[in-house]
Amino acid sequence: MRFSLFRSRRARPLILVLGMHRSGTSATTAVLGKLGLAMPRTPMARHEENPTGYWESARLCALHDDMLREAGSRWDDWTALRLVANRARTRKLLAVLAQEFDLSRFSTVKDPRICRMVPFWLDALATGGLSPRIVIPYRNPLEVAASLVKRGNGMTIEQGLLLWLRHVLDAEAETRDQRRVFLRYDRLIEDWPGTMARVGRALELEWPVAPAEVATEIDAFLDRRLRRQMVAEPELRLFHPWLADTFDALDILSDESRDPTVAMETLDRIRHAFNAMCATRRDELPFLIRSPAASAPPDATLAPPNG
């Protein structure tokens, strides 16, 4: 049975857009808003690198940055986050959500930082009587890294690639028991009606605003010229195989007709090796990520030493 957004009396639904920075999360969230979902009351200001807007709550972003600082981390940290859930944090999050969104309607929440704190978020949403549906946009990691470098905040290509791995691996692993869908950014740009129809099927949703009613507006919004960083997929093979293998696995997960089992096993293997490296040989990772498949060490050599 499909779920009509505004007529249900069940736990209040909420869409979480979980994706790495510069991966189409803003475009995805904006399209969801144009299809009738509630958006934040105090959105982040537009920027020359994102002229159409970020479509995320400034208050929520500030809260996440506070949480990261408390945990000894920050937005551009690619190591695993250990965010301990507690009542105070849960109350703060639910209070900001109530301030920022009309939770009597179906809302959509986006902040790439959530990718690293999914278990905390899911626990808080359950406490608040909110039922999440997960949308995971993803993009070629070389395009993501190039876009981050272009912003001029000191990010290197290697750091951007490692940050991409952390966000997509954690978001995927921690949402397997949730209703979710994967969305590739370039396919959203090329065919948003087909992409959003697939999102609706996967999440069992009917959009409050019919796509045909806002087609002209969305067509104008999803200007192909805004996708400024374009990298051919074969170039991924010039880097560590974690990148191409993860990207390929996400492609499988985004295809309704394919068995996700092998893809998730691949992602588990990569995440385990990545976490081990972060814990024991973190400083080597920027060099390792540049290693092509022919010279990269097998995952078996990446396990932490005994003892």
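Which element gives the most to the lining of the second largest pocket? We will start there and then move on to the helices, cores and ring pairs of this predicted model.

## The second largest pocket

The answer is β5, with three residues in the lining of the second largest pocket. Two helices join in: α8 (192–203) and α10 (241–253), like β5 (180–184), each supply at least two lining residues. The volume of this pocket is about 220 Å³.

In total, 13 residues line the second largest pocket, and those nearest its centre are Arg180, Phe182, Leu253, Asp255 and Pro260. By character, the lining residues are seven nonpolar, five charged and one polar.

## The overall fold

Stepping back, the protein is built from twelve helices and six strands. Its chain has 307 residues, of which 53% count as buried. Turning to contacts between residues at least 6 apart in sequence, 79% of them join residues at least 24 apart.

## Two covered helices

Helix α1 is a good place to look next. Nine of its ten residues are buried, so α1 is largely enclosed by the rest of the structure. The buried set comprises Thr25, Ser26, Ala27, Thr28, Thr29, Ala30, Val31, Leu32 and Lys34. After α1 comes Gly36, which has a positive phi, near 110°.

Helix α5 (residues 141–150) is mostly covered too, with eight of its ten residues buried. Those residues are Pro141, Leu142, Glu143, Val144, Ala145, Ala146, Ser147 and Leu148. What do they pack against? Their partners are α6 (157–173) and α10, and α10 is also one of the elements that supply the lining of the second largest pocket.

## Nonpolar cores

The largest nonpolar core holds 65 residues, and within it Trp121 and Trp242 touch the most other members. Setting aside neighbours within four places in sequence, the contacts of Trp121 are Leu14, Leu16, Leu60, His64, Leu93, Leu97, Val109 and Ile114.

A second core, separate from that one, has 25 residues; among them are Val17, Ala27, Leu35 and Phe221. Ala27 is already familiar as one of the buried residues of α1, while Phe221 returns in the ring pairs below.

## Aromatic pairs

How many aromatic pairs does the model contain? The count is three, and two of them are described here. In one, Trp55 and Phe221 meet edge-to-face, with 6.0 Å from centre to centre and 80° between the planes. Trp55 sits in the loop between α1 (25–34) and α2 (58–70), and Phe221 in helix α9 (residues 215–221), so this pair ties together parts that are 166 residues apart in sequence. Their surroundings are worth a look as well: Trp55 is partly exposed at a relative accessible area of 23%, whereas Phe221 is buried at 13%.

Another pair brings together Tyr138 and Phe247. Their ring centres are 5.8 Å apart and their planes lie at 70°, so this pair is edge-to-face. Since Tyr138 belongs to strand β4 (residues 130–138) and Phe247 to helix α10, the pair ties together parts that are 109 residues apart in sequence. Tyr138 and Phe247 are both buried.

Note on methods: Residues numbered from 1 in each chain as written. Predicted model: local features only at pLDDT ≥ 70, side-chain atom pairs only at ≥ 80, totals over all residues. Heavy atoms only, no water. Core = buried A, V, L, I, M, F, W, Y, C linked by side-chain atoms within 4.5 Å. Buried < 20%, exposed > 50% of the residue type's maximum accessible area, 1.4 Å probe, protein only. Contact = heavy atoms within 4.5 Å. 1 Å grid on protein atoms, 1.4 Å probe; cavity = no way out; pocket = protein on both sides within 12 Å on 5 of 7 lines; lining within 4 Å. Points joined across faces, edges and corners; volume = space filled by probe spheres on them. Helix = DSSP H or I, 4+ residues; strand = E, 2+ residues; numbered from the N terminus. Nonpolar A, V, L, I, M, F, W, Y, C, P; charged D, E, K, R; others polar. Phe/Tyr/Trp six-rings, centres within 6.5 Å; stacked < 30°, edge-to-face > 60°.
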